[in-house]
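Work through the exercises below with the coordinates loaded. Each task is followed by a stepwise solution.

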Amino acid sequence: MTKKVLLIIVEGQTEQIILEDYLDAHFANSTIRFDVQREDILTKWDAHKRIPNIKNSVVRVIQSYLEKYKFLANDLTAVVHITDTDGCFIAPECVKVDESIEQNLFYTEDAILVKSDKRKEQIEQRNDMKAKNAQILIANDHFSINRMKVPYQLFYFSTNLEHVLWNERNEIPTEKLQKADEFMDNLSGTIGEYLSAYLPVSSALPYREKIKKSWSFLMEDCHSLQRGTNVPLLFEMIKTDVQ
């Protein structure tokens with residue numbers, strides 16, 4: 001019997017480095033495939049600097065993958081989407097101008113620092129766009145692809161993957177892959193066990209309630225700048241919906 005494909009949409013290759021071997025080993029009934037976007041779908045403007053329909057954007061990503069690798073919608077068992085939160089749910093007043101910072105943008109525990117008023121406006125617009133798109137996708141549990149109903153779920157790393165793994169929310173982009181490899185080489189347990197320590201809800205709750213509460217928690221105060229993830233629930237989703 002041919003195994004069905006679990007498609008995982010991620011922003012960068014570091015997510016694939018830390019998750020691929022674990023998923024292959026623990027969920028052998030599915031073929032695990034990563035689609036690395038090298039950008040954030042949730043903050044992507046269209047060619048006319050307009051906000052595209054986020055559901056249509058995700059469907060295009062899925063359909064493009066199917067066409068590229070000669071799969072049919074019926075080959076998919078589910079689509080999982082992982083995003084960095086980037087502080088998108090913080091209040092606008094938590095985006096602050098600080099001309100002394102070296103980077104154009106710097107994340108802290110309770111603020112996003114930028115060098116100018118113009119950059120502050122851009123980040124506020126980005127946050128608003130990403131928060132609204134995330135809320136749309138959180139409420140969406142499937143996509144219809146060529147008339148096939150494919151289960152879908154959005155998960156997050158906060159502030160980003162690097163912040164969760166080695167506690168650096170302002171990592172230098174060119175060092176991410178090497179540090180991800182080093183992190184995995186030095187990890188004593190499984191990545192599933194490691195990430196579970198940063199799940200912000202009780203593991204005793206039912207899966208659906210944990211998903212709902214993990215997102216509700218993230219949207220409060222400055223939690224989208226603080227260290228946390230609901231990716232451990234991805235493993236539960238696979239067990240319940242896919243296996």
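On a 1 Å grid over the protein atoms alone, a cavity is a set of points where a 1.4 Å probe fits but cannot get out, while a pocket is an open set with protein on both sides within 12 Å along at least five of seven lines; lining residues have an atom within 4 Å of a point. Grid points are joined across faces, edges and corners, and a volume is the space filled by probe spheres set on the points. The model is predicted, so local features need pLDDT of at least 70 and side-chain atom pairs count only at pLDDT 80 or more, whereas totals for chains, interfaces and linings use all residues. Residues are numbered from 1 along each chain as its sequence is written, and side-chain values use heavy atoms, with hydrogens and water left out.

**Exercise 1.** Find the cavities of 30 Å³ or more and describe the lining of the largest cavity.

Step 1. The search of the whole structure returns one such cavity, with about 30 Å³ of space in the largest cavity.
Step 2. Its lining includes Leu-42, Asp-84, Cys-88, Lys-130 and Trp-215. Strand E3 (76-84), helix H3 (117-138) and helix H7 (207-218) are the elements that give two or more residues to this lining. Helices (H or I, at least four residues) and strands (E, at least two) are DSSP runs, numbered from the N terminus.
Step 3. Sorted by class, six lining residues are nonpolar, two polar and two charged. Here Ala, Val, Leu, Ile, Met, Phe, Trp, Tyr, Cys and Pro count as nonpolar, Asp, Glu, Lys and Arg as charged, and the others, Gly among them, as polar.

**Exercise 2.** Characterise the largest pocket.

Step 1. Its volume is about 690 Å³.
Step 2. The lining has 25 residues, and Glu-11, Asp-84, Glu-162, Pro-173 and Lys-176 are the closest to the pocket centre.
Step 3. Two or more residues each come from helix H1 (13-26), strand E5 (105-107), helix H4 (161-166) and helix H5 (176-186). H1 gives the most, with three residues.
Step 4. The class split is six nonpolar, seven polar and 12 charged.

**Exercise 3.** What is the strand order in the open sheet of three strands?

Step 1. The order is E4-E6-E5, with mixed pairing; two strands pair if DSSP finds at least two bridges between them.
Step 2. Strand E4 (95-97) and E5 each have a single partner strand, so they stand at the edges and one side of each lacks a neighbour in the sheet.
Step 3. E5 and strand E6 (residues 112-114) run antiparallel and are joined by three bridges. Tyr-107 has Ile-112 in E6 as its bridge partner.

**Exercise 4.** How many bridges join E1 to E2?

Step 1. Seven bridges join strand E1 (residues 4-10) to E2, and the two run parallel. One bridge partner pair is Val-5 with Thr-31 in E2.
Step 2. In strand E2 (residues 30-36), five of the seven residues are buried, that is, under 20% relative accessible area (exposed is over 50%, partly exposed in between; 1.4 Å probe, protein chains only).

**Exercise 5.** Which residues form the covered face of strand E7 (residues 142-145)?

Step 1. In a regular strand the side chains alternate between the two faces of the sheet.
Step 2. Phe-143 and Ile-145 form the covered face of E7, and His-142 and Ser-144 the uncovered one.
Step 3. E7 runs antiparallel to strand E8 (residues 148-158), with four bridges. In their hairpin, two residues lie between the strands, and Asn-146 takes a positive phi near 50°.
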